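Trainee: I am new to this structure and would be grateful for a guided discussion. May I put my questions one at a time?

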Amino acid sequence: AGQGAENSIFATPFLFRLSWGSNQGLCAVASQSGVVAVLGLDSGAILASIRLPGPVFSSPVALPFAHRDGQTRPEDSEDGAIGRALIFIGCRDDHLYAIDYFS
């Protein structure tokens with residue numbers, strides 16, 4: 001079962017797409033309780049979530065990548081690439097996290 005983005009949200013959500021040609025808009029959001037979630041902009045559904053070990057007040061930033069044949073490289077919209085993003089976010093446990101999200 002996924003974790004919701006319960007509790008207060010102090011950080012600015014980050015809007016992104018997994019590839020330049022994608023029609024699916026995504027939103028990375030973090031709550032004070034430490035939950036980082038990715039939501040689909042069309043449906044508002046929580047597509048993925050993870051709970052960090054401390055409160056989060058910082059805003060997430062997502063960097064899109066393409067993944068093919070076990071290699072990861074910056075997104076260039078080539079056909080057949082699987083959409084993927086690294087979501088970077090700081091936590092009150094004094095760590096910076098890189099969360100791997102892919103469709």
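Trainee: Is arginine 84 buried or exposed?
Mentor: Please note first that this is a predicted model. Arginine 84 lies in strand E7. The cut-off for a buried residue is under 20% relative accessible area. Because its relative accessible area is 17%, arginine 84 counts as buried.

Trainee: With which residue does arginine 84 form a salt bridge?
Mentor: The structure holds 1 salt bridge. Its closest N and O atoms are 2.6 Å apart. The partner of arginine 84 is aspartate 100.

Trainee: How many residues apart in sequence are the parts that this pair ties together?
Mentor: Side chains of opposite charge can pair when their charged atoms come close. Here arginine 84 belongs to strand E7 and aspartate 100 to strand E8, so the pair ties together parts whose separation in sequence is 16 residues.

Trainee: What is the relative accessibility of aspartate 100?
Mentor: Arginine 84 is buried, whereas aspartate 100 counts as partly exposed. The value for aspartate 100 is 37%.

Trainee: How many helices and strands does the protein chain have?
Mentor: Read along the sequence, the chain follows the pattern β-β-β-β-β-β-β-β. The secondary structure therefore comes to 0 helices and 8 strands.

Trainee: What percentage of the residues in the protein chain is buried?
Mentor: The chain has 103 residues, and about 5900 Å² of it is exposed. Carbon and sulfur atoms supply 55% of that exposed area. The buried residues make up 32% of the chain.

Trainee: Which element gives the largest share of the largest nonpolar core?
Mentor: In soluble globular proteins, nonpolar side chains tend to be buried together. The largest nonpolar core here has 16 residues, and Phe16, Ile87 and Ile89 have the most contacts inside it. Two or more residues come from each of E2, strand E3 (35–40), strand E7 (82–91) and E8. The largest share of this core, 4 residues, is given by E7.

Trainee: Which residues does isoleucine 87 touch, not counting residues up to four places away in sequence?
Mentor: Isoleucine 87 is one of the residues with the most contacts inside the core. Its partners beyond those sequence neighbours include Phe16, Ala28 and Val38. The others are Pro60, Val61, Ala62, Tyr97, Ala98, Ile99 and Tyr101.

Trainee: What is the relative accessible area of alanine 30?
Mentor: Alanine 30 lies in strand E2 (residues 26–30). Leaving out residues up to four places away in sequence, alanine 30 touches Ile9, Ala11, Val35, Val36, Val56, Ser58 and Ile89. Alanine 30 is buried, and its relative accessible area is 0%.

Trainee: Which residue is joined to serine 31 by a polar contact of 2.8 Å between side chains?
Mentor: Serine 31 is placed in the loop between E2 and E3. Serine 31 is buried, with a relative accessible area of 0%. The polar contact joins its side chain to that of serine 33.

Trainee: How far apart are the C-alpha atoms of phenylalanine 57 and serine 33?
Mentor: Phenylalanine 57 lies in the loop between strand E4 (46–51) and strand E5 (61–68). With a relative accessible area of 38%, phenylalanine 57 is partly exposed. Beyond its neighbours within four places in sequence, phenylalanine 57 is in contact with Phe10, Ala11, Gln32 and Arg92. Phenylalanine 57 and serine 33 are 24 residues apart along the chain, and their C-alpha atoms are separated by 9.3 Å.

Trainee: Which residues form a nonpolar patch on the surface?
Mentor: One member, leucine 96, lies in strand E8 (residues 95–102). Leucine 96 is exposed, at 64% relative accessible area. Together the members of the patch have about 350 Å² of accessible area. They are Val61, Leu63, Phe88 and Leu96.

Trainee: What is the phi of aspartate 94?
Mentor: Most residues other than glycine have a negative phi. Aspartate 94 is found in the loop between E7 and E8, and at 74% relative accessibility it counts as exposed. Its phi is positive, in a residue other than glycine, with a value near 70°.

Technical notes:
Residues are numbered from 1 along each chain as its sequence is written. This is a predicted model: local features need pLDDT of at least 70, side-chain atom pairs count only at pLDDT 80 or more; totals for chains, interfaces and linings use all residues. Side-chain values use heavy atoms; hydrogens and water are left out. Patches are made of residues with over 30% relative accessible area and no salt bridge: like charges are joined within 9 Å, nonpolar side chains (Val, Leu, Ile, Met, Phe, Trp, Tyr) within 5 Å. Accessible areas come from the Shrake-Rupley method with a 1.4 Å probe; for residues, only the protein chains shown count as cover. A salt bridge is a side-chain nitrogen of Lys or Arg within 4 Å of a carboxyl oxygen of Asp or Glu. Buried means under 20% relative accessible area, exposed over 50%, partly exposed in between (1.4 Å probe, protein chains only). Contact means heavy atoms within 4.5 Å. A nonpolar core is a set of buried Ala, Val, Leu, Ile, Met, Phe, Trp, Tyr and Cys residues joined through side-chain atoms within 4.5 Å. A polar contact is a pair of N or O atoms within 3.5 Å; within protein, one must be able to donate a hydrogen and the other to accept it, and residues adjacent in sequence count only if both atoms are side-chain atoms.
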